[in-house]
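Trainee: I am new to this structure and would love a close look at one part of it. Could you walk me through its nonpolar interior?

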Amino acid sequence: MAASLRRSLRRLLPLLSPSFASVAAPPSGAMEPSAAAAAAAASPSDGGAARPARWLGALRFDNRALRALPLDPCEENAPRAVPGACFSRVRPTPVQAPRLVALSWPALALLGLPGEPPAAAEEAAAALEAELALGFSGNRLPPGAEPAAHCYCGHQFGSFAGQLGDGAAIYLGEVLNARGERWEIQLKGAGLTPFSRQADGRKVLRSSIREFLCSEAMFHLGIPTTRAGTCVTSDSEVIRDIFYDGNPKKEKCTIVLRIAPTFLRFGSFEIFKPPDEYTGRKGPSVNRNDIRIQMLDYVISTFYPEILQAHPDNNVQKNAAFFREVTKRTARLVAEWQCVGFCHGVLNTDNMSIVGLTIDYGPFGFMDRYDPEHICNGSDNTGRYAYNKQPEICKWNLGKLAEALSPELPLEISIPILEEEYDTEFERQYLQKMRKKLGFIQLQLEDDNKLVSDLLETMHFTGADFTNTFRLLSSFSTDSDSDSALEDFLDKISKQCASLEELKVAYKPQMDPRQLSMMLMLAQSNPQLFALIGTKSNINKELERIEQFSKLQQLTAAELLSRNKGRWKDWLENYRCRLEKEIEHVTGVDTWSAERVKTMNSNNPKYILRNYMAQNAIEAAENGDFIEVRKVLKLLETPYEEIECLSEIAEETEEEVGTAAACSSATRSRLPYSSKPPLWASELCVT
């Protein structure tokens, strides 16, 4: 496993200094990635003495945030309140034996580091692996890094939580590349900070792999996101109770290198909040409007310079333009999420980017079977952050940002902006994207919105796979005279619908009948007590689940198939009529048809990061095999391309010449990742 990663890494060496083969061993006291890597990291002529890092030494740091925003004068690295500051200086906590799980060359290229290169010497590649593992684990800081943790607050599940901050993420600095772009880099999981509260500042292998893979998956889907450069694990361990069920276990400390223009968020501006009327909590910097002004000036001048240029002398107009742009970016972002079936899982105000990026990948999930009320976070008992709630929750969060910007932007200005811009921008972006997904490239008709709604209703009724259904529609024939073509397509789309067995799993009652009966009686006799221990929506959902499950017991597979085909046939007839209207406005049908398919296939991914794909990679990695992580990463880097055999995505080495021959047997033993997920995937729970 380590050798295969080094084979990939060694291709970097020809683009670097000829003397790179003598990159230093770790300084005294630092943990080494491996004996082989440490040996390669020491020059034969210096007896293994430490020498400065060469590769990461090329990073050009310019840490503007620390110059522009107030720093905490106290350097005590222990959980505490941090008043009057945006950052606290910290030091990453070293880990034992750091080693690379995977890396993203495209993400690292943002920092001005060379892309994936041709092959080079094995020993030098091991040295490069050692440097990456040391530098991006926090064991040895790159020259110019100034580690710090950011102070922010947040509304979590609707309630103000007070001071939160970077409890597990450490800002290393801001890197300038040759194009003049500025990229903040963070180590997530690098140890304690003043904001760690009762936690240990660590992340583990499973959550780090998920964040690493999804950060890159979202980018390659074309959705604004933070990036992930490396994933480094170690022999250091922490105790975690995965499902909060009293069964803790040891897990390996793992660190992700995160990359973004900035990791400032809505909650960054909530540190000034006075005592909340419901929770009584307050921000650590109440009455420090001077810092709010500093933050606004810094954010606008650095990330929205066009706004500063347009309003150099009027702060209210400048701040209003800034809030308007954040509102529009957020609306467009959540519209993109809805169009790929992505659920964030924890849309608290502290997880909302001030520059409109997807940020903080925790219990996220891409929908498999379409369900508008899909909840990806097993801890979200009330469904606050369900798929269909995301647009309204993001708008609610913007309202909290508006409150946090007052008095520098009065609410009588910001709230009308929110009402004027958000819904309009969301609906425009959503419908524009859906038209592309359905191949409507000539016309924009008023009825398109209804056709989309009817499609989603049909998908929900039949339990269709969200991703595969959209992808399949590009092969739908517009030939209205071909009944056989329609039947063939109905057979194909029926295979993307939930089977009887899958539906029984989905609608299996989750509450003990006696418990449900007690809750129903309590709701009638003592509504106040019932409100404390349950919600009406949860009870209604359980009753609906029982009813659906009962109906499924009486249904045969043949009846389900017939019902699904009838529902799809009705929608497809309307879809064909809409496509025929497109044809009426083109001169060459073949050219239009080719363009339609191209547009649809470049907007409907074949591959997304399904939970079970991540789980396969995690289970292999926990057993010391990182190959599956890298295979899944390669697949997600080309989500719109037709790559039928996952086994073909592998290092180009001589011992893998037989991969193509083995491909067919490999896919027989495991479903390809473009298929509907296996039944066991529905049992996965992410918290």
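Which residues touch the most other members of the largest nonpolar core?

Mentor: Happy to help, and a word on the model comes before the answer. This is a predicted model, in which local features need pLDDT of at least 70 and side-chain atom pairs count only at pLDDT 80 or more, while totals for chains, interfaces and linings use all residues. Residues are numbered from 1 along each chain as its sequence is written, and side-chain values use heavy atoms, with hydrogens and water left out.

Now to your question. A nonpolar core is a set of buried Ala, Val, Leu, Ile, Met, Phe, Trp, Tyr and Cys residues joined through side-chain atoms within 4.5 Å; buried means under 20% relative accessible area, exposed over 50%, and partly exposed in between, using a 1.4 Å probe and protein chains only. The largest such core has 165 residues, and L111, F322, L473, Y575 and L609 are the ones that touch the most other members. Its top contributor is helix α9 (residues 315-340), which gives 12 residues. Helices here (H or I, at least four residues) and strands (E, at least two) are DSSP runs, numbered from the N terminus.

Let us stay with F322 for a moment. Leaving aside residues up to four places away in sequence, F322 touches L296, V299, I300, Y304, I307, I354 and L405, where contact means heavy atoms within 4.5 Å. There is also a second, separate core of 7 residues, with L500, Y507, L555 and L560 among them.

Next, find a pair of helices. Helix α21 (residues 611-622) packs with helix α22 (residues 627-636) at an angle of about 150°, their axes 8 Å apart. Axes are lines fitted to C-alpha atoms, for helices over the stretch in contact, and angles run from 0 to 180 degrees between N-to-C directions. The pair is therefore roughly antiparallel, a label for angles over 145 degrees. From α21, M613, N616, A617, A620 and A621 meet E628, V629, V632, L635 and L636 of α22. These contact residues divide into 8 nonpolar, 1 polar and 1 charged; Ala, Val, Leu, Ile, Met, Phe, Trp, Tyr, Cys and Pro count as nonpolar, Asp, Glu, Lys and Arg as charged, and the others, Gly among them, as polar.

Finally, visit two loops. A97, in the loop between β1 (87-89) and β2 (99-103), is buried with a relative accessible area of 16%. N287, in the loop between β10 (249-260) and α7 (289-303), is exposed at 72%.

Note on methods
Angles under 35 degrees count as roughly parallel, over 145 as roughly antiparallel, 65 to 115 as roughly perpendicular and the rest as oblique.
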